[in-house]
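Work through the following exercises with the model open beside you, and try each task before you read its solution.

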Amino acid sequence: MIKNIVFDFGDIFINLDKQATYKEMAKLGVTNITDDMILTYHKYEMGLISTNEFVSFYKNKFPKLNSKNLINAWNAILLDFPLHRFTFLKELAASNNYRLFLLSNTNDLHISWIQNNWGADLYKEFKNCFEQFYLSHEINFRKPNANIYEFVLTENNLKASETFFIDDLKENTDTAKNLGVQVWNLIPGKEDIVTLLERKEF
């Protein structure tokens, strides 16, 4: 029996264009994604380096980069938040049938953009739908590492078998599944979170 639902954020609630940042970075002359860039991104996503350190890394590597253009390119991945998904979430939260959690790989620049784009009231209303609102850069873990799921389960005394996790990336749901969590690897554009309760697990 499902008692707890853990949601990813991007492409579950807010729409993403996962290629947009690569395209915008290419326009700025950054066409080759190197290992040290990926490592820096992961560190930033886990809150192990600051936004200033993240931006400085790129400016040192690509001296012609303008900070504003870099940040705009970085945030290009973020799109709209369809109202029907928010309505679904609010109704689910109001039912009190499940404990709801958010678990997102994100970073300070992306969350700041969302807060500014949505406005304080909408962001607060969204956040308040969840018992816990876990952002990778605030808890120093990131998916698909097993320790982030173990952290959520332990911190909230959740049984893996009673917990359902939704994410758009298979590598993320695979790790959770290996820990005994029930999962849905949602396919953006083909599936929508609003059909969650129609699934056989519920």
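**Exercise 1: a tyrosine at the surface**

Tyrosine 22 has a relative accessibility of 48% and therefore counts as partly exposed, a class that lies between buried (under 20% relative accessible area) and exposed (over 50%), with a 1.4 Å probe and protein chains only. This is a predicted model, in which local features need pLDDT of at least 70 and side-chain atom pairs count only at pLDDT 80 or more, while totals for chains, interfaces and linings use all residues. Residues are numbered from 1 along each chain as its sequence is written, and side-chain values use heavy atoms, with hydrogens and water left out.

**Exercise 2: a salt bridge between distant parts**

Task: find which side chain pairs with lysine 143, and explain why the pair ties together parts that are apart in sequence.

Solution. Begin with the pair itself: the side chains of lysine 143 and aspartate 8 meet in a salt bridge, at 2.9 Å from N to O, where a salt bridge is a side-chain nitrogen of Lys or Arg within 4 Å of a carboxyl oxygen of Asp or Glu. Next, locate the partners: lysine 143 lies in the loop between helix 8 (136-139) and helix 9 (146-155), and aspartate 8 in the loop between strand 1 (4-7) and helix 1, so the pair ties together parts that are 135 residues apart in sequence. Helices (H or I, at least four residues) and strands (E, at least two) are DSSP runs, numbered from the N terminus. Finally, check the surroundings: both lysine 143 and aspartate 8 are buried.
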